[in-house]
Every structure is written in C-alpha cells, then in structure tokens.
Amino acid sequence: MRVMGRAEAAGLGAGAGDCPTWARERVAAALAAIAPLAAAHTAAVRPRLERVLAAFAAERLGVQHFASVSGYGHGDQGRETLDRVFARVLQAEAAAVRVQFVSGTHAIAAALFGVLRPGDRLLSLTGRPYDTLEEVIGLRGSGSGSLAEFGITYDELPLTAEGLVDEERLAEALAAPTRMVLIQRSCGYSWRPSLPVATIGRLCERVKALQPGCLVFVDNCYGELVQELEPTAVGADLMAGSLIKNLGGTLAPGGGYVAGDAELVERACCRLTAPGIGSEGGSGFDLHRLLFQGLFLAPQMVAEALIGAELVARVFADLGYAVNPLPGAERSDGIQAVRLGNPEALKLVCRAFQAASPVGSYLDPVPAPMPGYASELVMAGGSFIDGSTSEFSADAPLREPFVLYAQGGTHHSHQVIALERALVDLAEAGLVAI
Ligand SMILES: Cc1ncc(COP(=O)(O)O)c(C=O)c1O
C-alpha cells in the first residue's frame with residue numbers, strides 16, 4: 001500500500017525451485033478450491049475491458065496521443081484525451097489524470113483542499129480514515145498545512161462493531177451543516193469489509209436526502225474496476241485514487257486521478273496546479289502511452305490480483321488464521337487481510353513474500369517509520385515500480401492485532417510461489433503443522 005518499507009540485504013532469495021511436496025500440495029489444493037471464484041473473476045474482465053475499449057474508441061485514441069507537450073503543457077491533446085478516457089471508464093462527468101499527483105494521498109488531499117473552505121465541516125462516514133489522511137485532516141502530527149489549520153472542522157461516524165457504516169446514526173451525524181462526507185471504499189489498515197458500490201450508492205441517496213447541499217467524496221483507492229460500477233456512477237460527487245494501484249495496470253510509473261463532477265474536478269486541479277491553470281497545465285513527460293496501456297491492462301491485472309487474494313485467503317484460512325474477506329465473499333477492493341496475531345509471523349511472511357519477489361529478492365524487509373504513518377510499517381514489495389501495490393505485495397503496520405494486508409499481482413502463479421515459500425518458513429518456525 002502505501003510506501004516501501006526499509007529493506008536490508010540479507011542473502012535471501014535462494015532456492016525458489018526446491019519447495020517441498022507438502023507445501024506445493026497445500027497451495028495446489030487451495031487453488032483447486034478457489035477455481036470457481038477464479039473463473040468468475042476472469043469472466044468479469046470482459047465487461048470491464050469492453051468499457052475501456054469503448055472509451056478508447058469514443059475518444060479516437062491514436063499514437064499521436066502518446067507524446068506530451070513539454071514545459072507548461074498547454075493544449076496537450078494526449079493529456080486531454082487521457083482525462084476524457086478515464087472519465088468514461090470511471091463513469092464520471094470528468095477526470096484529471098496526472099503524473100504530478102505523487103500518490104493516492106496527494107490526489108485525495110487535492111480533492112479535499114480544492115473543495116473545502118474555512119468553516120466547512122467534513123464528516124467521515126467510515127470511521128477513522130486511512131493512516132496517511134490523519135495528517136491531511138490534522139488529527140495527528142504538527143498540523144502544519146492541514147485542513148484543521150485552514151479552519152475546516154472534522155467529525156467521524158464510528159463504524160459498527162461489525163465494521164459497517166452505522167446507518168442508524170447517519171441522520172444524527174448529519175444534524176449539523178456539513179459540506180462534505182468522506183467515504184473510504186477500501187478497508188485500509190482496518191479489519192472491516194470493503195464497501196460495495198451499491199452501499200455507497202445507498203449512502204449517497206441518504207446523505208442527499210438529509211442534506212441536499214452536502215457533497216459525497218469517495219477515497220476509491222484499490223476499488224477501481226473491482227465491481228461493475230464505480231462510485232461516481234451511483235451518486236458520488238468526487239473520488240480519487242492512485243495509478244500505482246488498480247488503474248495503472250502495473251505499467252503507470254506513478255501518478256493519480258480525481259474524477260467526478262466537472263466543476264469539482266477543476267477545483268481539485270486548481271489545488272494541484274494553481275487557480276487559473278487548473279486542469280489545463282502540466283506535462284505528461286511522454287508517459288501517456290504507459291498510462292493508456294496500463295489502463296488497457298488494468299481489468300486483467302485487477303482480476304489476477306483478485307484471484308491471488310482469494311488464494312491468500314484460502315491458504316491462510318486453511319491454516320486456521322482469521323482472514324478478511326473470507327474466500328468467496330463479496331469484494332469491493334483488492335486487499336486481503338490475514339490476522340497473523342504476532343509480529344514474528346508477520347515479519348516472517350513478509351520476508352518469504354519478498355524472497356519470492358522479482359526485484360530485491362535478496363532484501364530483508366524490516367519494520368521502519370514511514371512519512372505519513374503513525375506506526376512502523378513492514379512491507380514486502382519487490383516490485384518493478386517502487387511502492388506499486390498493483391504488483392503483488394504485502395505490508396502491515398506493526399501494531400496489534402498484527403494483520404498482514406496483501407494485494408496486487410500480475411499473474412496468480414506468483415502468489416502460488418510466494419505462498420509455498422511462506423508455508424515452508426512458517427513450518428520451519430514451528431508456526432504451522434506439516
Ligand atoms: C484506503 C486507502 N486510501 C488511501 C491510501 C493512500 O494511498 P497512497 O499510498 O497512494 O498515498 C491507501 C494506501 O494504501 C489506502 O489503502
């Protein structure tokens with residue numbers, strides 16, 4: 001997710017081919033058990049890909065759109081086409097897709113700062129937002145440059161004990177005038193189900209009925225293309241996400257997007273660039289081909305990642321660990337949480353996944369502080385693009401109850417190899433019975 005943990009060279013990465021038969025058999029059995037789920041994820045590629053192809057065709061994508069205008073980037077047809085294509089795929093009125101967005105956090109921050117004004121109230125409907133947003137809102141850290149410093153008040157509606165939006169208390173939470181509600185679709189680093197798009201749609205309806213002027217913003221990180229509809233198709237006014245997660249298709253080298261109501265997208269762009277420039281400036285540095293091609297691959301990559309997530313869930317559930325979601329449960333994001341319960345098991349699994357990574361297999365992921373995070377993080381992320389979590393990776397904040405969050409993947413055979421390796425290491429440590 002998120003950010004690359006510190007890693008130290010540790011002579012790992014040898015012997016990927018000599019996995020014992022028992023470990024192979026266990027993962028093979030899990031793979032056989034999830035075969036119907038895998039088939040369903042694969043079948044879902046087609047309608048998503050049709051949408052991407054229809055967007056390319058409607059916007060007459062051609063090779064001329066791969067080059068960028070340098071400098072100010074004014075009148076860049078590649079950038080303008082990219083924005084329109086993403087808007088169509090995301091079922092939104094408008095989108096702004098920029099390599100100048102450093103991350104999902106940055107795109108979300110641009111959306112919040114772009115729209116909210118001093119005296120406005122922001123209300124999170126999904127409890128405490130993702131860790132890196134705490135400093136954006138002003139809940140942690142020095143507060144320098146935060147929404148709080150600019151006089152934006154913040155409240156949150158805690159989730160129910162089951163990790164669901166507390167819809168019974170929604171009216172009470174919205175009793176005060178509220179400019180915007182924040183909905184986090186994905187679980188983040190919390191033990192809760194991701195929010196189905198249909199639920200987001202229902203929340204949008206209820207919010208608008210209670211306060212017609214209140215805007216709905218969705219943190220869409222890890223959610224794109226997982227379900228048939230996106231939040232902006234069911235009433236969300238604005239949403240944001242990262243390109244080194246789902247929509248970049250593992251090719252985008254960085255960047256993020258905002259999408260939704262055209263005026264709100266423009267406001268977010270005014271925060272990213274400057275008032276007066278808005279969405280009309282910013283070079284793509286000749287990276288547009290990778291962004292278009294990544295979008296073309298994204299439906300397939302998301303499906304592979306979801307198959308990998310089912311597999312991780314099945315293998316660890318079979319070992320007796322609590323997993324969230326359960327194999328076969330409805331998914332609205334690509335994250336698979338596994339409650340390992342102790343820091344040693346967490347580090348061990350991360351180490352095994354790192355050793356099975358294509359890049360930096362010899363590195364030993366060690367917990368380390370990260371900008372934007374309160375807890376130390378450990379991350380197995382031997383990806384081609386640094387910090388890319390559309391590639392297979394796993395990470396965890398080093399805090400109770402020591403939950404591992406795995407995500408991404410380009411071909412689920414990679415998860416098979418990584419899981420076999422984790423099983424062997426867990427068995428050697430006496431944490432798994434053979
Ligand atoms: C739900 C959610 N929102 C926001 C973010 C922040 O994204 P980024 O790491 O790209 O800043 C993450 C990161 O994992 C996330 O899981």
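Visitor: How far apart do the C-alpha centres of domain 1 and domain 2 lie?
Guide: In this predicted model, those two centres are 27 Å apart.

Visitor: What makes these two stretches domain 1 and domain 2?
Guide: The names come from the domain assignment, which gives 6-46 + 298-428 as domain 1 and 65-295 as domain 2. Such bounds come from an automatic or database assignment.

Visitor: How do you know that residues of domain 1 are in contact with residues of domain 2?
Guide: Two residues are in contact if their C-beta atoms lie within 7 Å. By that test, 28 residues of domain 1 are in contact with 30 residues of domain 2. On the domain 1 side, the elements giving two or more residues are helix H10 (288-318) and strand E14 (403-407). H10 supplies the largest share, with 5 residues.

Visitor: Which kinds of residue make up the side of domain 1 that touches domain 2?
Guide: That side divides into 14 nonpolar, 10 polar and 4 charged residues.

Visitor: Why does the radius of gyration of the chain agree with that of a compact globule?
Guide: A compact globule of 434 residues would have a value near 22 Å, and the chain has 21 Å, so the two agree. Along its principal axes, the C-alpha trace spans about 60 × 55 × 40 Å.

Visitor: What makes a residue count as buried, and what percentage of the chain is buried?
Guide: A buried residue has 20 or more other C-beta atoms within 10 Å of its own. Buried residues come to 53% of the 434 in the chain.

Visitor: What secondary structure does the chain have?
Guide: There are 12 helices and 14 strands. Of the strands, 7 form an open sheet in the order E2-E8-E7-E6-E5-E3-E4, with mixed pairing.

Visitor: Why are E2 and E4 called edge strands?
Guide: Strand E2 (94-98) and strand E4 (153-156) each pair on one side only, and that is what the name describes. From one strand to the next, the twist averages 20°.

Visitor: How do you know that E3 and E5 pair?
Guide: Pairing needs at least two bridges between the strands. Strand E3 (residues 121-124) and strand E5 (residues 180-184) are joined by 3 bridges and run parallel, so they pair by that rule. Among the bridge partners, Ser124 is matched with Leu182 in E5.

Visitor: Which helices lie across E2?
Guide: Helix H4 (residues 77-89) lies across E2 and strand E8 (256-260), at about 125° to E2. Helix H9 (residues 262-272) lies across E2, strand E7 (238-242) and E8, running at about 25° to E2.

Conventions: Residues are numbered from 1 along each chain as its sequence is written. This is a predicted model: local features need pLDDT of at least 70, side-chain atom pairs count only at pLDDT 80 or more; totals for chains, interfaces and linings use all residues. Helices (H or I, at least four residues) and strands (E, at least two) are DSSP runs, numbered from the N terminus. The radius of gyration is taken over C-alpha atoms; the globule rule is 2.2 Å times the number of residues to the power 0.38. A residue is buried if 20 or more other C-beta atoms lie within 10 Å of its own, exposed if 12 or fewer, and partly exposed in between; C-beta atoms are placed from the backbone. Axes are lines fitted to C-alpha atoms, for helices over the stretch in contact, and angles run from 0 to 180 degrees between N-to-C directions. Ala, Val, Leu, Ile, Met, Phe, Trp, Tyr, Cys and Pro count as nonpolar, Asp, Glu, Lys and Arg as charged, and the others, Gly among them, as polar.
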